[in-house]
Amino acid sequence: QVQLVESGGGLVQPGGSLRLSCAASGTIFSIYPMGWYRQVPGKQRELVATITSVLITNYADSVKGRFTISRDNLKKTVSLQMNSLKPEDTAVYYCNSKQAGINYWGQGTQVTVSS
């Protein structure tokens, strides 16, 4: 079955940078779109960024110009480079892929932006 595992979360100061990675297994990977979502307590999970199989990207307005999503189809990974981080970016970040009408999620990685 499809498995997604995130890594790279941690504590960073405002204005700092962090890079998240998601490793996929049990899937062809290269033909499916991938995405990053985030969630904080008391709020719904929200889409952060997506990238298609042909490298078309889409970003939430709140992260546009600061975050960059990318993928490596040989390594079967998708990454999220986060720059100019703000306290409001604090959340659990989840890797996602929808395949054959089914949503697959990683376990999440915590990102905390605080001084």
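**Reading a predicted chain, feature by feature**

Me: Is Ala100 buried or exposed, and what is its relative accessible area?

Reply: Ala100 is exposed, because its relative accessible area is 80% and a residue counts as exposed when that value is over 50%. Please keep in mind, for this and for everything that follows, that the model is predicted.

Me: Where in the chain is Ala100 placed, and what is the sign of its phi?

Reply: The general idea comes before the case: most residues other than glycine have a negative phi. Ala100, although it is not a glycine, has a positive phi of about 55°, and its place is in the loop between β9 and β10, the latter being residues 102–105. Ser84 can be read in the same manner, since it too is not a glycine and has a positive phi, here of about 50°. Ser84 is found in the loop between β8, which covers 77–82, and β9, and its relative accessibility of 41% makes it count as partly exposed.

Me: How many helices and how many strands should I look for in the protein chain?

Reply: The secondary structure comes to zero helices and 11 strands, so that a reading along the sequence gives the pattern β-β-β-β-β-β-β-β-β-β-β. The radius of gyration of the protein chain is 13 Å, close to the 13 Å that the globule rule gives for 115 residues, and the chain is therefore as compact as a globular protein of that length. Along its principal axes, the C-alpha trace spans about 40 × 25 × 20 Å.

Me: What share of the residues in the protein chain is buried, and what share of the contacts joins residues at least 24 apart?

Reply: Buried residues make up 39% of the 115 residues. When one takes the contacts between residues at least 6 apart in sequence, 54% of them join residues at least 24 apart. As for the surface, the protein chain exposes about 6200 Å², and carbon and sulfur atoms supply 52% of that area.

Me: Which cysteines form a disulfide, and what is its handedness?

Reply: In general, a disulfide is a covalent bond between the sulfur atoms of two cysteines. This structure holds one disulfide, formed by Cys22 and Cys95, whose sulfur atoms are 2.1 Å apart. The torsion about their S-S bond is about -80°, so the disulfide is left-handed. The pair links distant parts of the chain, for Cys22 is in strand β3 (residues 18–25) and Cys95 is in strand β9 (residues 91–99), 73 residues apart. Both Cys22 and Cys95 are buried.

Me: Which residues do Leu47 and Asp72 touch, once sequence neighbours up to four places away are left aside?

Reply: Leu47, which lies in strand β5 (residues 46–51), touches Trp36, Tyr37 and Ala60. Its relative accessibility is 31%, so Leu47 counts as partly exposed, and its C-alpha atom is separated by 12 Å from that of Lys64, 17 residues apart from it along the chain. Asp72, found in strand β7 (residues 67–72), is in contact with Phe29 and Thr77. With a relative accessible area of 28%, Asp72 is partly exposed, and the C-alpha atoms of Asp72 and Ala23, 49 residues apart along the chain, are separated by 9.8 Å.

Me: How many positive and negative charges does the protein chain have, and what separates their mean positions?

Reply: The protein chain has 11 positive and 6 negative charges, and the mean positions of these two groups are 5 Å apart.

Technical notes: Residues numbered from 1 in each chain as written. Predicted model: local features only at pLDDT ≥ 70, side-chain atom pairs only at ≥ 80, totals over all residues. Heavy atoms only, no water. Helix = DSSP H or I, 4+ residues; strand = E, 2+ residues; numbered from the N terminus. Rg over C-alpha atoms; globule rule 2.2 N^0.38 Å. Buried < 20%, exposed > 50% of the residue type's maximum accessible area, 1.4 Å probe, protein only. Contact = heavy atoms within 4.5 Å. Areas by Shrake-Rupley, 256 points an atom, 1.4 Å probe, with all protein chains shown as cover. Lys, Arg positive; Asp, Glu negative; His and termini not counted. Charge placed at Lys NZ, Arg CZ, Asp CG, Glu CD. Disulfide = S-S within 2.5 Å.
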